[in-house]
Amino acid sequence: MMYPLFETIAIENGVPQRLALHQRRYEQSLRQFYGQFPCKDLCIQNLSRIIQVSEALNATNHANLIRCRISYNYQECKVEYFPYQRRTYRSFTPIICDEIEYGLKLSNRELINALFAERGDNDEIIIIKHGKVTDCSIGNLIFRRNAQWFTSDTPLLAGTQRANLIAQNKIQVCEIRLEDLHQFEEIRVINALNGL
């Protein structure tokens, strides 16, 4: 695959969001993915220089919320901009998959797409690995009990929005097992484009 890794960054009202967290993940992903090839010189770029806000606004007819996708490899990247409309997720179905690994934001999402196809009439899936809640197909999950929000301590991918909300003490990390799901009153999807 030409670009095995990617980042998704929200541009909201012309301002890229959580760039420092994305930059850190981008650099860690490059080093982890290509670390087994010491002969390759990693070309680590500054994401704030790659993202062209004026180009993003023009490409999306000045949308308020823009999905910026940066697909990359160890030498180069490709940047695309799309207008984004937030969705509401009302129904979730648990899908068990003990063999899934997604510690890096990989362009190859075949297994995730296959799991998502099993959702039936539901809006989204909850991926269960070894009995524990991980993520959904497009981000991390948060669960409300009374006025408190929780997120699983076993995400497939530790997202930037998740890290941001944890740092702000808006969500708490805990173990959430499949049999615990009935204890929560609400589930939400969080990712670069969907916050609390």
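**Exercise 1. Strand 3 and its partners**

Task: In this predicted model, which residue of strand 3 is the bridge partner of Ile 11, and which strands pair with strand 3, in which sense?

Solution.
- Step 1. Go to Ile 11 and look across to strand 3: the bridge partner there is Ile 66.
- Step 2. Now widen the view to the whole strand pair. Strand 1 (residues 5-12) pairs with strand 3 in the antiparallel sense, and the pairing runs over eight bridges.
- Step 3. Check for another partner. Strand 4 (residues 77-83) also pairs with strand 3, antiparallel again, over seven bridges. Pick Ile 70 as a marker and you'll land on Val 79 as its bridge partner in strand 4.
- Step 4. Follow the chain from strand 3 into strand 4: the two are joined by a hairpin through four residues.

**Exercise 2. Arg 69: buried, partly exposed or exposed?**

Task: Classify Arg 69 by its relative accessible area and list what it touches beyond its sequence neighbours.

Solution.
- Step 1. Place the residue: Arg 69 sits in strand 3, which spans residues 65-72.
- Step 2. Get a feel for the strand. Strand 3 is mostly covered, with six of its eight residues buried.
- Step 3. Apply the cut-off. Buried means under 20% relative accessible area; Arg 69 has 21%, so Arg 69 counts as partly exposed.
- Step 4. Collect the contacts, skipping residues up to four places away in sequence: Arg 69 touches Phe 6, Glu 7, Lys 78, Val 79, Glu 80, Phe 82 and Ser 107.
- Step 5. For a sense of scale, go from Arg 69 to Phe 143: 74 residues along the sequence, and 27 Å through space between the C-alpha atoms.

**Exercise 3. How do helix 1 and helix 5 pack?**

Task: What are the angle and the axis distance between helix 1 and helix 5, and which residues make the contact?

Solution.
- Step 1. Read off the geometry. Helix 1 (residues 19-34) packs against helix 5 (residues 160-167) at about 125°, and the axes lie 9 Å apart.
- Step 2. Name the arrangement. With that angle the two helices are oblique to each other.
- Step 3. Add the hand: helix 1 passes helix 5 in a right-handed crossing.
- Step 4. Find the contact residues. Helix 1 brings in Leu 21, His 22 and Arg 25, while helix 5 supplies Thr 160, Ala 163 and Asn 164. Sorted by character, that's two nonpolar, three polar and one charged.

**Exercise 4. Two residues, one in each helix**

Task: Are Thr 160 and Ser 29 buried or exposed, and what does each touch?

Solution.
- Step 1. Start with Thr 160, found in helix 5. Its relative accessibility is 5%, so Thr 160 counts as buried.
- Step 2. Leaving aside residues up to four places away in sequence, Thr 160 touches Arg 18, Leu 21, His 22 and Arg 25.
- Step 3. Switch to Ser 29 in helix 1. At 4% relative accessibility, Ser 29 is buried. With the sequence neighbours again left out, Ser 29 touches Leu 5, Tyr 72 and Leu 104.
- Step 4. Back to helix 5 for the wider picture. Thr 160, Gln 161, Arg 162, Asn 164 and Leu 165 are buried there, and the buried residues of helix 5 pack against helix 1 and strands 8, 9, 10 and 11.
- Step 5. Look just past the helix: Asn 169 follows helix 5 and has a positive phi, near 60°.

**Exercise 5. The four-strand sheet**

Task: What is the strand order of the open sheet of four strands, and which strands stand at the edges?

Solution.
- Step 1. Trace the order: this open sheet reads 10-9-8-11, and its pairing is mixed.
- Step 2. Spot the edges. Strand 10 (172-174) and strand 11 each have a single partner strand, so each has one side without a neighbour in the sheet.
- Step 3. Note the twist: on average, neighbouring strands are turned by 35° against each other, ignoring direction.
- Step 4. Break down the mixed pairing. Strands 9 and 10 run parallel, joined by three bridges, with Ser 152 partnered by Cys 174 in strand 10. Strand 8 pairs antiparallel with strand 9 (residues 148-152) over four bridges, and strand 8 (residues 140-145) is joined by five bridges to strand 11 (residues 186-190), also antiparallel.
- Step 5. Use Ile 142 to see both neighbours of strand 8: Ile 142 has Thr 151 as bridge partner in strand 9 and Arg 188 in strand 11.
- Step 6. Finish at the turn. The hairpin of strand 8 and strand 9 has two residues between the strands, and Asn 146 takes a positive phi near 60° there.

How values were computed
Residues numbered from 1 in each chain as written. Predicted model: local features only at pLDDT ≥ 70, side-chain atom pairs only at ≥ 80, totals over all residues. Heavy atoms only, no water. Pairing = 2+ DSSP bridges. Axes fitted to C-alpha atoms, helices over the stretch in contact; angles between N-to-C directions. Parallel < 35°, antiparallel > 145°, perpendicular 65-115°, else oblique. Left-handed = near helix turned anticlockwise from the far one by under 90°. Contact = heavy atoms within 4.5 Å. Nonpolar A, V, L, I, M, F, W, Y, C, P; charged D, E, K, R; others polar. Buried < 20%, exposed > 50% of the residue type's maximum accessible area, 1.4 Å probe, protein only.
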